[in-house]
Amino acid sequence: MATKLDQLYSLRKKFTIIGITGRTGSGCTEVSELLSKPFCELDNIRVPKGDAKSVFDKKYLIVYNYTSQNWQKYNVVQYKRVILFILLPFLYKEKAKALELIKDYYRFRMKDEPTTELIQKVDEEITAILNSFNSVVLKIIHINVKLIKSKNDAILKKLYDIFWGEDFFKLSHSIDECLIKNGLINRICLLHHIACNFRKSGQPFKTKEKSPEYIYFICNIINLIIKATKRHCDSGCHIVIDSLRNSLEINFFKERYSAFYLIAVKNDKRKTRLKKLYNSHSELVINRILEIDDKEYLCGDFQKGNFDAPDVQNCIQMAGFHINNYNFSEEKDQGYISSFHSLGEQLIKLQGLIQQPGLITPDAQERIMQIAFTSKLNSGCISRQVGAVVTDKEFSVKSVGWNDVPKGATPCSVRNIKDLQYPETASGYTEFELGRGLKETEQINGNQTDKQSSDELDKESIDFLSFVQKAYSEQAMPMEKLGGRNCPYCFKQAYNAFSGEKNQVHTRSLHAEENAMLQISKNGGEGLEGGFLFTTASPCELCAKKAYQLGIKYIYFIDPYPGISRNHILKSNPNHDPKMISFSGAVGRDYHKLYDPFMSQKDELSLLTDFKIESPEDVKVKQLKSLLKTKIVDNELKGKLDELFEGHNNPLERFIEILKNGLNGQKNMP
Ligand SMILES: [Zn+2]
Ligand SMILES: [Zn+2]
């Protein structure tokens, strides 16, 4: 419904981009499909009770009432359709290479030899599909060529018509069906590699070339689709991208659009969900999907410098709105805290807050997670920043923490590895790092000013120093390439490389969670029985144990990767086990975007309705009388004034009459 404020909110109302990220099987597609439905087709949304009593019930009612009038349908940009869109010209131009592409990547496992018959079959089927959609295929090839030269209005209009047109929809659907039918996993592998190749070299094919300029190759096309939609769709531009799995691509949209929101979809029971989804497929297929997902989740390829690869863990950390995708009824009886349950409910909350920031206030979990999220930025760890908060059972914050070295030691991020080339003058490094570490405890505890002869020095320490000096030499990390940046190093990474270990114990830092828990005993101690631990990652086994011992009852986490802590440490005794709860709601920059109102609700209401509130007349008359009495000194006149105001039914009318007479009398005076 149109209101007087629409002009003020028009940017939010007319233009919003939502990106979706999450692990395979979490339900990213389910969420984007829900966003594309009308309000009446959202299922699993509780109709609010008329007699909402609790604060949560009242908030729920507000969100429900608002979104039932303002729910916005989104158009889904499927990432795979964008890939097909830019792939078609390549397939057409170089038919032989297309077959090559299928041969290269259409496999169950990369090491498997491709089955010639299957490849033949897929190639033939795809060729047949392309032939039957010849006219739209030609249009797509044509527009791709045009887009390279110009992005003027007429071309964007064509892009808009083709991309959202029925023909392209049918074409991409047919190709998808064909690929799925011939090999569920093979299709995933094919798409994965084509997308990576595009981001690596701007081409779908295997190539040695790679350049950072192509990282945004696919994003740029999505961006053009957004622009075309913004310009040519009358009802506004509301787009959901299903899905984004590369953190650099997410940055692309974050930097461009203040109306960009990233949703992370999480599901504890992904395997069960996948089994249901692909019930005709074997366990082997499901396991392979999860295996691929593990690879795309942990940012291993990223750390190796392959920035074109998916890094879903990083993506989830960047999300501003977290959604839990579990069965509503399963969790209902837990009742530990009231919240928006189903996918639909979480989405109406998001939409309500996008369109009307501050529609409701954040809940306690969001408030505390936001503090943890803010704290994580203080971490001096150069690989990953984590924040944590512990509260009592009333959500009163008892302490905050982040992963960092013990207080007094120098955080990794402010050290400069270049200093280690001159160990005599380097500061902030340990004796061990400086090549002066001694294994024997008596020597560690001995007088440090004692000069040690060089043969007494621990060989490992000396070896490590020269290893580090070589590994981080000027040749390996030239200053000029750093462009003025500091050059810290990670001791754990270096020591593990040096010793051939993979040991997490060598970290210099305390974990955020243990840091937060330790702060409490440092500052005098306070019981945490029944309290909460919030972490922007998820607790490791060591931290989970500590939380357990402190009597913490609930652990809220963001990373859907609790390792074995969840089923091992945290599943010991159902009466005492802390509950792990996947965080849902807003966090980070989006917390402010969603909860910070444009103007006060009071001002907004008066703008909407021209509403003014006035005092009743008798109150105004009293105010007038007291004003007059403060100004009149003459006691006789004061008495008359009392008479006037108290002796009449309508003192104001009488007062005006006297005033009129007085003024007229004055006029008649000679
Ligand atoms: Zn570190
Ligand atoms: Zn930990």
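## Two helices that cross

A good place to begin is the pair α11 and α12, whose crossing is right-handed. Helix α11 covers residues 217-232 and helix α12 covers residues 247-256; their axes come within 10 Å and cross at roughly 35°. Please keep in mind as you read that this is a predicted model.

Which residues bring the two helices together? On the α11 side they are I218, C219, N220, I222, N223 and I226, and on the α12 side they are E249, F252, F253 and R256. Sorted by class, this contact has 6 nonpolar, 2 polar and 2 charged residues. An α-helix has 3.6 residues a turn, so residues three or four places apart point the same way.

## The loop leading into α12

Look next at the loop between β3 (237-242) and α12, where you will find S243. A cis peptide bond joins S243 to D242, with omega at about -5°.

## A second crossing: α5 and α10

Another helix pair to visit is α5 (residues 95-105) with α10 (residues 184-201). Their axes come within 9 Å and cross at roughly 115°. This crossing, too, is right-handed.

Helix α5 makes the contact through L101, I102 and Y105, while α10 uses N186, C189, L190, H193, I194 and N197. By class there are 6 nonpolar residues, 3 polar ones and no charged ones in the contact of α5 with α10.

## Domains

Stepping back, how is the protein divided into domains? Domain 1 spans 75-326, domain 2 is made of 365-404 + 509-583, domain 3 of 412-447 + 454-499, and domain 4 spans 617-668. Between the centres of domain 1 and domain 4, taken over C-alpha atoms, there are 81 Å.

## The nonpolar cores

The largest nonpolar core has 88 residues, and L171 and F253 have the most contacts inside it. Helix α4 (residues 79-93) is the element that gives the most to this core, with 10 residues. Domain 1 (75-326) and domain 2 (365-404 + 509-583) each supply at least three residues to this core. F253 has already appeared above, as one of the α12 residues that meet α11.

What does L171 touch, leaving aside its neighbours within four places in sequence? Its contacts are L88, I129, L130, F133, V136, V137 and I140. There is also a second, separate core of 36 residues, and its members include Y60, V240, L353 and I354.

## Helix α23 and the residue after it

Helix α23 runs over residues 491-499, and F491, A494, Y495 and N496 are buried in it. Among the elements that cover these buried residues is α21 (459-471). Just after α23 comes G500, which takes a positive phi of about 70°.

## Positive phi outside glycine

Two loop residues are worth a look for their backbone angles. N44 is not a glycine, yet its phi is positive, at about 65°. You can find N44 in the loop between α2 (28-35) and α3 (55-70). The other is F395, also a residue other than glycine, with a positive phi near 65°. F395 lies in the loop between β6 (387-391) and β7 (397-402).

Is F395 buried or exposed? F395 counts as buried because its relative accessibility is 12%, and the cut-off for buried is under 20%. N44 has 44% relative accessibility, so N44 counts as partly exposed.

## Apart in sequence, placed in space

Two residue pairs help to link the sequence to the fold. D294 lies in helix α14 (residues 283-297), and its relative accessible area of 38% makes this residue partly exposed. Although D294 and Q313 are 19 residues apart in sequence, the C-alpha to C-alpha distance between them is 9.8 Å.

The other pair starts from T3, in the segment before α1 (10-14). T3 is partly exposed, with a relative accessible area of 33%. How many residues apart in sequence are T3 and E617? They are 614 residues apart in sequence and 32 Å apart in space, C-alpha to C-alpha.

Note on methods
Residues are numbered from 1 along each chain as its sequence is written. Chains are lettered from A and ligands numbered from 1 in the order in which they are written. This is a predicted model: local features need pLDDT of at least 70, side-chain atom pairs count only at pLDDT 80 or more; totals for chains, interfaces and linings use all residues. Side-chain values use heavy atoms; hydrogens and water are left out. Domain bounds come from an automatic or database domain assignment. A nonpolar core is a set of buried Ala, Val, Leu, Ile, Met, Phe, Trp, Tyr and Cys residues joined through side-chain atoms within 4.5 Å. Buried means under 20% relative accessible area, exposed over 50%, partly exposed in between (1.4 Å probe, protein chains only). Helices (H or I, at least four residues) and strands (E, at least two) are DSSP runs, numbered from the N terminus. Contact means heavy atoms within 4.5 Å. Axes are lines fitted to C-alpha atoms, for helices over the stretch in contact, and angles run from 0 to 180 degrees between N-to-C directions. A crossing is left-handed if the near helix is turned anticlockwise from the far one by less than a right angle, and right-handed if clockwise. Ala, Val, Leu, Ile, Met, Phe, Trp, Tyr, Cys and Pro count as nonpolar, Asp, Glu, Lys and Arg as charged, and the others, Gly among them, as polar.
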